[in-house]
Amino acid sequence: MSDLSYKLDDKVFVVTGGSRGIGLEIARLLLQQNARVVICGRKQPGLDAAESELKAGSDRFLAVPAHIGKAEDVDNLFNQTLSKFGQLDGLINNVGMNIITSVLDAEPSLWQKIIDSNLTGTFLCSQKAGRIMREKKKGKIVSISSIAARRSAPAMGIYGIAKAGIEMMTKVLAMELAAFNIQVNAVAPCMVKTDFSKFFWSNEDIHNEIVKTVPLGRIPDPIDIAHPTLFLCSEGADFMTGQTILVDGGASAI
Ligand SMILES: NC(=O)c1ccc[n+]([C@@H]2O[C@H](COP(=O)([O-])OP(=O)(O)OC[C@H]3O[C@@H](n4cnc5c(N)ncnc54)[C@H](OP(=O)(O)O)[C@@H]3O)[C@@H](O)[C@H]2O)c1
């Protein structure tokens, strides 16, 4: 699949949570397509590791420490993007986190933490990027949701509620930004082989049970999610907006 062309030469994309997992793969694919990429994450060592792995020149790549649930960090992320590259063509809201809890047992502070990192962070970044991109009447916003947005799963309740909010935000922003030629879409994966879900897929019994629910017969790698995301960032998706694409190996078709 590596010779697919999305025609993203010199476009500037912010990928939140680009230091590992799906975000790192999206950043890698964007760089392979000659785009310029800004990633963020909370921890500097993770950003440093991503920078050395991606081997991108400093003229094409920037890593900014930022917690996307904090407005001042988000302001700094986009200010640094504009001061280095002078433009913004797209945002990939990739950050997601979960803390295992039932809704009934969650303290309000735990609820807030999960909502902030998933839903509020996506709101803050989308608002900032939308305001920048509407000036030139062109742009893309793609958010990474999850099948947890539409199927309740034990221990992923608040996370699923936040992801459902992200899918509705996708529709709302798609309408608000349509007049500015900005397309807003989302990708909802099933379980993917990253650190996020390693506890589950690294257990052979659980792995085999999950695979039985996926018609395509495997748990996807980050690249399987990165390609549909890049399509939504490309001109090929110029007439799509407000949509969430399920990338689940056919699981939801059963
Ligand atoms: N893996 C799966 O099974 C799966 C399935 C469905 C959907 N998804 C979704 O796919 C997206 C990517 O997940 P992943 O599996 O690649 O996760 P991951 O491997 O845990 O990576 C998460 C990335 O986000 C960063 N991050 C976490 N919280 C942050 C915050 N508050 N502010 C800024 N950066 C933050 C992390 O860096 P720091 O730790 O340094 O902040 C890291 O770069 C998420 O939205 C997730 O919900 C994943």
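**Ligand shell, helix H1 and core of the predicted model**

In this predicted model, the ligand is surrounded by 31 residues, the closest being Gly17, Gly21, Arg42, Gly96 and Phe196. Three elements each give two or more residues to this shell: helix H1 (21-32), strand S2 (36-41) and helix H4 (108-134). H1 gives the most, with three residues. By class, the shell divides into 16 polar, 11 nonpolar and four charged residues.

Helix H1 was examined further. Its 12 residues should span 16 Å at 1.5 Å a residue. The end C-alpha atoms of H1 are 17 Å apart, which agrees. H1 is largely enclosed by the rest of the structure, because 10 of its 12 residues are buried. The buried residues of H1 are Gly21, Ile22, Gly23, Leu24, Glu25, Ile26, Ala27, Arg28, Leu29 and Leu30. Charged Glu25 and Arg28 are thus listed alongside nonpolar Ile22 and Leu24. The cover over these buried residues includes four strands, S1 (12-16), S2, S4 (90-93) and S5 (139-144). Helices H2 (44-54) and H8 (222-233) also contribute to that cover. After H1 comes Asn34, with a positive phi near 65°.

Leu30 of H1 is also prominent in the nonpolar core. The largest such core has 69 residues. Within this core, Phe13, Leu30, Val37 and Ile39 have the most contacts. In soluble globular proteins, nonpolar side chains tend to be buried together. Beyond four places in sequence, Phe13 touches Leu30, Ala35 and Val37. Phe13 also touches Asp89, Gly90, Ile92 and Cys233. Two of these partners of Phe13, Leu30 and Val37, are themselves among the residues with the most contacts in the core.

At the level of the whole chain, the protein has eight helices and seven strands. Its radius of gyration is 17 Å, close to the 18 Å that the globule rule gives for 254 residues, so the chain is as compact as a globular protein of that length. The C-alpha trace spans about 50 × 45 × 40 Å along its principal axes. Of the 254 residues, 44% are buried. Among contacts with a separation of 6 or more, 71% are between residues 24 or more positions apart.

Gly46 lies in helix H2, one of the elements that cover H1. Gly46 is partly exposed, because 18 other C-beta atoms lie within 10 Å, where 20 or more would make it buried. Outside its neighbours within four places in sequence, Gly46 is in contact with Ser19, Arg20 and Gly41. Cys233, a contact of Phe13, is 187 residues from Gly46 along the chain. The C-alpha atoms of Gly46 and Cys233 are separated by 25 Å.

Backbone geometry singles out two further loop residues. Most residues other than glycine have a negative phi. Lys137, in the loop between H4 and S5, has a positive phi near 55°. Lys137 is exposed, because 11 other C-beta atoms lie within 10 Å and the limit for exposure is 12 or fewer. Asn181 has a positive phi near 60°. Asn181 sits in the loop between helix H5 (157-178) and strand S6 (182-189). With 14 other C-beta atoms within 10 Å, Asn181 is partly exposed.

Definitions and conventions
Residues numbered from 1 in each chain as written. Predicted model: local features only at pLDDT ≥ 70, side-chain atom pairs only at ≥ 80, totals over all residues. Core = buried A, V, L, I, M, F, W, Y, C linked by C-beta atoms within 7 Å. Contact = placed C-beta atoms within 7 Å. Near = placed C-beta within 6 Å. Expected span 1.5 Å × (residues − 1). Rg over C-alpha atoms; globule rule 2.2 N^0.38 Å.
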